[in-house]
Amino acid sequence: MKKRRSISEISKEMDEINRRKPTANQIEELAEALNKKHYEPEVEANVEDGFSIDKIASSKTTKDISGIESNRI
Amino acid sequence: MASNRIGFRQFLGTVKQGQTIDIIIDSNILIAKWDELHTNHDEINLFLNSLDEIANVNFYTTVTTKSEVLDYQRRRLLTYGLLSLLEMSSLELAPVSRAKIGTVKGRKNTREKHELKRSQKEGDEVDSHFLYFRDSEIKEIKKAFRARDIQNIAGWLTICDVFLGKRLLREEELIDELCIYLSPYKEEQFHIFNRKVDWKNATAISAKSGMGFSDSMILNMVLATKIDYILTLDCDLVYASAVSAPNKTVIIPDKRIKQFKQTLKRI
């Protein structure tokens, strides 16, 4: 039989992970990576209407005479 | 139809102190056990803890089950994480990212309300999947965090690192500690299997009762083993095992046995 802790002990650790909040350092990391002065989101207009350019492009993929795939929007 | 189902209370009554029991555990049991918002959480908690105190239980499962549990946890942790971004005063999110999380949050809240109304109206349980963002919604939000230049692409990756990262990896280790993954190729499990596992049989099971493929894969695995018990919340699995695996016993919550009987009456 496989050795393991009791299910209540395993679950206690699982619950602790699920409830864990980000630390002050992690919040700082998030601010550094996400604050708008640091970065610009891609394809803003398309994100707003929920329809991305690559979604349209992939649905219109065709092959030209040489057999190479091209995306036409 | 063979009566191959047993309620929690009745099953606990049959278990002897120190007895070794092999059980196949379904993903919905693990999900309910570890999500306190799940309608069946308290019942599952009580049952599993009581069973574990009485007997030496080997919880067998498949890697498909593990992936279902981890995927649920991924959606859950990301939902909480993304929603918490809106509350962090030190964050100045780009308007498009903030707006996208807000839109998706609104959709989730509407779904949640409808599900609550439905469950009250039908006297049914709340489906906990409604409490979290859908995978397609997480993808929508991810797009709103994609950076325009590659140097600053770390935005979404930082979100994943903070809210998933080590947490999901540790959760996988905990599932690995609790469960034994069934494999007819492992020498230490040769004694459990009584025949080869043929995946075509899973298709046949699905075709016979119309059950989902991940469940039919579990049932197919069960049929190839000497394990007698399957622990699940899913009445569909009870129905399918009555059809395809009548010599196996499905352990389900007592309340679900009543629901299953009512369903059969309607047929």
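The buried residues of helix α7 (residues 154-163) of chain B are B:G155, B:I159, B:V162 and B:F163. Looking down the axis of α7(B), those buried residues stay within an arc of 80 degrees, so they line one face of the helix. Keep in mind that this is a predicted model. With that said, here's a walk through the helix, the sheet, the cores, the domains and the confidence values.

**Helix α7 of chain B**

- The buried residues of α7(B) pack against α2 (24-34) of chain A, and also against α4 (63-85) and α8 (165-178) of chain B.
- A bit of helix geometry helps here: an α-helix has 3.6 residues a turn, so residues three or four places apart point the same way.
- Just after α7(B) comes B:G165, which takes a positive phi of about 20 degrees.

**Strand pairing in chain B**

- Let's start with strand β2 (residues 20-25) of chain B, which runs parallel to strand β3 (residues 56-61) of chain B, with five bridges joining the two.
- To pin down that register, B:I21 has B:V57 as its bridge partner in β3(B), and B:I24 stands opposite B:Y60 in β3(B).
- β2(B) also runs parallel to strand β5 (residues 229-231) of chain B, this time joined by three bridges.
- In that pairing, B:I25 has B:L231 in β5(B) as its bridge partner.
- β3(B), for its part, pairs in the parallel sense with strand β4 (residues 179-181) of chain B, over three bridges.
- Here the bridge partner of B:T61 is B:Y181 in β4(B).

**Nonpolar cores**

- The largest nonpolar core has 46 residues, and the members touching the most other members are B:I24, B:I25, B:F59 and B:V222.
- Helix α10 (residues 213-223) of chain B gives the most to this core, with six residues.
- A second, separate core holds 19 residues, including B:L82, B:L93, B:I101 and B:V104.
- Back to B:I25: leaving out residues up to four places away in sequence, B:I25 touches B:L30, B:F59, B:T61, B:C179 and B:L231.
- So B:L231 turns up twice for B:I25, as a residue it touches and as its bridge partner in β5(B).

**A closer look at B:L85**

- B:L85 sits in helix α4 of chain B.
- Is B:L85 buried or exposed? B:L85 is buried, because 21 other C-beta atoms lie within 10 Å, and the cut-off for buried is 20 or more.
- Not counting residues up to four places away in sequence, B:L85 touches B:L91, B:L93 and B:I101.
- Two of those names, B:L93 and B:I101, also appear among the members of the 19-residue core.
- B:L85 and B:R98 are 13 residues apart in sequence, and their C-alpha atoms are 8.5 Å apart in space.

**Chain B as a whole**

- Chain B has 12 helices and six strands.
- Its C-alpha atoms fill a box of roughly 60 × 50 × 40 Å along the principal axes.
- Of the 267 residues of chain B, 35% count as buried.
- If you take contacts in chain B between residues at least 6 apart in sequence, 69% of them join residues at least 24 apart.
- Chain B is divided into domain 1 (5-62 + 182-266) and domain 2 (70-164).
- The centres of domain 1 of chain B and domain 2 of chain B, taken over C-alpha atoms, are separated by 32 Å.
- Where the two domains of chain B touch, six residues come from domain 1 and six residues from domain 2.

**Chain A and how far to trust it**

- Chain A comes to four helices and two strands, in the order α-α-α-α-β-β from the N terminus on.
- Of the 73 residues of chain A, 12% count as buried.
- The mean pLDDT of chain A is 69, with 45% of its residues at 70 or more.
- Which elements of chain A have the lowest and the highest mean pLDDT? Strand β2 (residues 69-71) of chain A has the lowest (41), while helix α1 (residues 7-19) of chain A has the highest (96).
- Over residues 44-73 of chain A the pLDDT is below 50, and this stretch has 28 contacts in the model beyond near neighbours in sequence.
- Where pLDDT is low, the predicted coordinates should not be read in detail.

Conventions
Residues are numbered from 1 along each chain as its sequence is written. Chains are lettered from A and ligands numbered from 1 in the order in which they are written. This is a predicted model: local features need pLDDT of at least 70, side-chain atom pairs count only at pLDDT 80 or more; totals for chains, interfaces and linings use all residues. A nonpolar core is a set of buried Ala, Val, Leu, Ile, Met, Phe, Trp, Tyr and Cys residues joined through C-beta atoms within 7 Å. Two residues are in contact if their C-beta atoms, placed from the backbone, lie within 7 Å. The arc is that of the directions from the helix axis to the C-beta atoms. Two strands pair if DSSP finds at least two bridges between them. pLDDT is the predictor's confidence in each residue, from 0 to 100. Domain bounds come from an automatic or database domain assignment.
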